[in-house]
Amino acid sequence: MKKEKLRSEQEKEFTWDLEAVYKDAKEYQKDYENVTSFIEELASYQGNLLKDSSHLIDFLEKSEQAERLICKLGTYAIRKYDEDISNVQSQTLSGKFNQLEASYSEKTAFFTPELLEADFSVIEKMIQENPKLGEYRLLFQRIFRNQPYTLSKNEEKLLSSLQVALSNSQKVAGIIRNSELQFGTILDEENEEVKLNNENYLIYCKSQDRRVRKDAFMTIYHSYEKYKETLTETLKGHIAAVSTINRMRGFKNSKEARLFYNRVSPKVYDNLIQTVHKKMDVMYRYVDLKKKVLNIKDFSLYDTYVNLEPGLAKKYSFEEAKEIVLDVVKVFGDDYVSTIQKAFDERWIDVYPNKGKRGGAYSAGSYDTAPYVLLNFQGNYHDVSTLAHELGHSMHTYYSNKYNSYNYSDYKIFVAEVASTVNEMLLNYYMLDHLEDKKEKRVIISEMMDLFKSTIYRQTMFSEFEEFAFDTYEKTGVLTNQTLCDQYYELNKEYFGSNVIINDEIRYEWERVPHFYYNFYVYQYATGLSAACYIVNRIKNKEKNAVEDYLNFLKTGDSMDPVEELKVAGVDILDSKVIEKALDMFNDLIDEYENLL
């Protein structure tokens, strides 16, 4: 077995340069103390925030300074922690930062309620008196749009104090899923007994050995069946808490509330579900393809996750991955390419795994630092794709920060996966154009088809289930495990079609999905991929201004509402053709795969 490297053994050129943020502990501590002073100073504004225009602008400017320092401190502390979570010094650094962040939130929590006690005309008058406040006009408008749904100061304070209790259902469900629930064992491909858990299930359900994936499927969902009553109560408790608060605030329902806060029209949600239903035939065609290629007459739900093609044996060095990505993004022009080059040259990227390093991958930074990238690069094609994906996030952040003031730089989750997926899709098409081996092409197409299945169809099915659960509770006050399980079973029948055996055990799958506690979140995965496909199609087809429009979208930050930002890229997410064209792309991939067989 290959020995895992220690952090100290990593070559410097393949680690991120955090000294560019703080060169030493003394410099970090200086900013930490500055923020501590800011927090105490900002707390003194409580009760007289609107004393006069100069008072308000002082608070806003000081809070911006404090927040920027907090984000910078957090970028350093969290990156240090993630590079080796076993390091005691990094643990201490991260813990102290969390305390600082919590202190800032607590001491400045008065800002919004106190601001909303006034009429917006008071703010308008202050802006006229002090033109410097004009820069914050959009920020004020966004805060005041919440005014009809904001309770009294005492009621808001009470709700704030109850947040821990109100979020307890989600915490309990997580403990049950990840700790208390024991799934038992199965035999793996070598007939070795292995203990099943939520993580390795994701591996075994894709096993090329049908016996293994069936055993994993049956074992995990028979285990969840035993907890159906308990996990129904945790989900119901969560929905009850969220629904009660939203009703108190005056919202018609929880879907309306969540999308209101995201500044997204409910029509986006409804359009997604309606359009996917119209294009269900593409999903059925994909399922039939799998059934045919795998040569399984009694094709069942536990067969749907297996890859049509085992992964590529080809390995890529990081240098090769870098050159491929740089070649892919040439379409975006010199400035984009030179910035990506800067990411490599200035060490924004932490490349290889080491002992104690956080798993997975991400892009994260702040307004005053580079958008750092964490990888665990091991040289397979998925790692090349991950590099392209995370650098897409980084470029979105880079342009958002460069072209917007701090208050309007942090783009919303609704558009967060667009830039990363654009890069990922362009890489896939680049590889299909440059590869000659049909087997390698089929592997890439297989992964792309699975992306459409899992991101557009599956997440839309989740969205339907979530809306059903909230709607049922909000209309009747009742939510039973029978109701939830039956609905989930029926949705699987609808989404997979009549050519798949819908195993009864699938009715318990909803219990293992943590996203159902995130309140109308998952639809954004489907809309994000659809928007990215639309942009990629425009670029591939060399539509006029396609690249320019996309780059301008990356520069919008949070200066517009998310739906309007996508329009800058030429995407009207309210138009059903955006979802349709994404699923047409899926259909074309099925054609291409069949031709390559």
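**View 1. Lysine side chains over tyrosine rings in the predicted model.** The structure shown is a predicted model. The charged end of Lys540 sits over the ring of Tyr429, at 3.8 Å from the ring centre. A second lysine, Lys555, lies over the face of Tyr403, with 4.8 Å to the centre of that ring.

**View 2. A cluster of aromatic rings that includes Tyr403.** Tyr403, the residue beneath Lys555, belongs to a cluster linked by ring pairs. The other members of this cluster are Phe332, Tyr336, Trp348, Tyr398, Tyr399, Tyr550 and Phe553.

**View 3. The stacked pair of Tyr149 and Phe251.** The model contains 46 aromatic pairs. In one of them, Tyr149 and Phe251 are stacked, with ring centres 3.9 Å apart and 10 degrees between the planes. The pair links distant parts of the chain, as its two residues are 102 residues apart. Tyr149 is located in the loop between helix H6 (137-144) and helix H7 (153-161), and Phe251 in the loop between helix H12 (228-249) and helix H13 (254-261). Phe251 counts as buried because its relative accessible area of 5% falls under the 20% limit.

**View 4. Ile349 in the largest nonpolar core.** The largest nonpolar core comprises 186 residues. Ile349 is among the residues with the most contacts inside this core, together with Leu56, Met449 and Phe452. Beyond four places in sequence, Ile349 touches Phe14, Thr15 and Trp16, as well as Phe318, Ala343 and Phe344. Further contacts of Ile349 are made with Val373, Leu375, Leu387 and Leu391.

**View 5. Surroundings of Leu18, ahead of helix H1.** Leu18 lies in the segment that precedes helix H1 (25-43). With a relative accessible area of 6%, Leu18 is buried. Leaving aside residues up to four places away in sequence, Leu18 is in contact with Tyr76, Arg79, Lys80, Glu83 and Tyr372. Between the C-alpha atoms of Leu18 and Asp383, which are 365 residues apart along the chain, the separation is 23 Å.

**View 6. Gly497 in the loop between helices H21 and H22.** Gly497 is part of the loop that joins helix H21 (481-496) to helix H22 (523-540). The relative accessible area of Gly497 is 10%, so this glycine is classed as buried under the 20% limit. Its contacts, not counting residues up to four places away in sequence, are Tyr284, Asn492 and Ile502. The C-alpha atom of Gly497 is separated by 35 Å from that of Ala241, a residue 256 positions away along the chain.

Notes:
Residues numbered from 1 in each chain as written. Predicted model: local features only at pLDDT ≥ 70, side-chain atom pairs only at ≥ 80, totals over all residues. Heavy atoms only, no water. Helix = DSSP H or I, 4+ residues; strand = E, 2+ residues; numbered from the N terminus. Buried < 20%, exposed > 50% of the residue type's maximum accessible area, 1.4 Å probe, protein only. Contact = heavy atoms within 4.5 Å. Phe/Tyr/Trp six-rings, centres within 6.5 Å; stacked < 30°, edge-to-face > 60°. Lys NZ or Arg CZ within 6 Å of the ring centre and 35° of its normal. Core = buried A, V, L, I, M, F, W, Y, C linked by side-chain atoms within 4.5 Å.
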